[in-house]
Amino acid sequence: MVSGRENLPEGAALIASQHQSAFDTLVWLHLVPRWSYVYKAELARMPLVGPLLEPAGQIPLDRGRSFAAIKALLRSTEQAVREGRQIVIFPEGTRVRAGGGGGAAAGVAALAARTGLAVIPGGDKFGALLGPPGFP
């Protein structure tokens with residue numbers, strides 16, 4: 001069951017979702033029509049899938065280079081907005097336990113300010129169903 005789907009725009013959007021399990025990334029593939037995930041740049045090194053992420057419109061974030069990383073994130077996000085994509089970001093930067101989590105990262109605020117998009121909060125209950133972060 002999905003609640004609040006009617007609040008998701010068809011055009012450009014900034015969705016900040018809690019990241020409780022590995023399945024969270026699959027949820028948004030089915031909820032919005034033109035998704036672009038902000039993903040940690042290390043994932044680009046994954047065999048087979050990694051090299052396809054950026055060409056497919058996904059947005060890398062190099063978490064080790066703060067100023068340069070934010071500049072690159074903002075440029076890529078502006079392109080996604082021009083293409084009318086829904087940008088999905090997991091603000092905590094890693095998976096968190098159900099009911100837990102930290103505050104929103106500075107990157108979300110920077111994206112909202114730069115793009116003029118409202119931040120749409122999101123989440124699911126996979127973490128509560130599956131237990132600790134990750135796959136069961």
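Me: Buried means under 20% relative accessible area, exposed over 50%, and partly exposed in between (1.4 Å probe, protein chains only). As what does M46 count?

Reply: The model is predicted: local features need pLDDT of at least 70, side-chain atom pairs count only at pLDDT 80 or more, and totals for chains, interfaces and linings use all residues. Residues are numbered from 1 along each chain as its sequence is written, and side-chain values use heavy atoms, without hydrogens and water. M46 sits in the loop between β2 (35-40) and α2 (50-53). Its relative accessibility is 36%, so M46 counts as partly exposed.

Me: Where do the buried residues of α1 lie?

Reply: Helix α1 covers residues 24-31 (DSSP runs: helices H or I, at least four residues; strands E, at least two). D24, V27, W28 and L31 are buried there. Seen down the axis of α1, these residues fall within an arc of 90° (directions from the axis to the C-beta atoms), so they line one face of the helix.

Me: Which element gives the most to the largest nonpolar core?

Reply: This core (buried Ala, Val, Leu, Ile, Met, Phe, Trp, Tyr and Cys joined through side-chain atoms within 4.5 Å) has 15 residues, and L14, V38 and I89 are among those with the most contacts inside it. At least two residues each come from β1 (13-17), β3 (59-61), α3 (66-82), β4 (86-89) and α4 (106-115). With four residues, the element giving the most is α3.

Me: How many residues are in the other core, which includes W28?

Reply: The other core lies apart from the largest one. L31, V32 and F90 are also among its members, and its size is nine residues.
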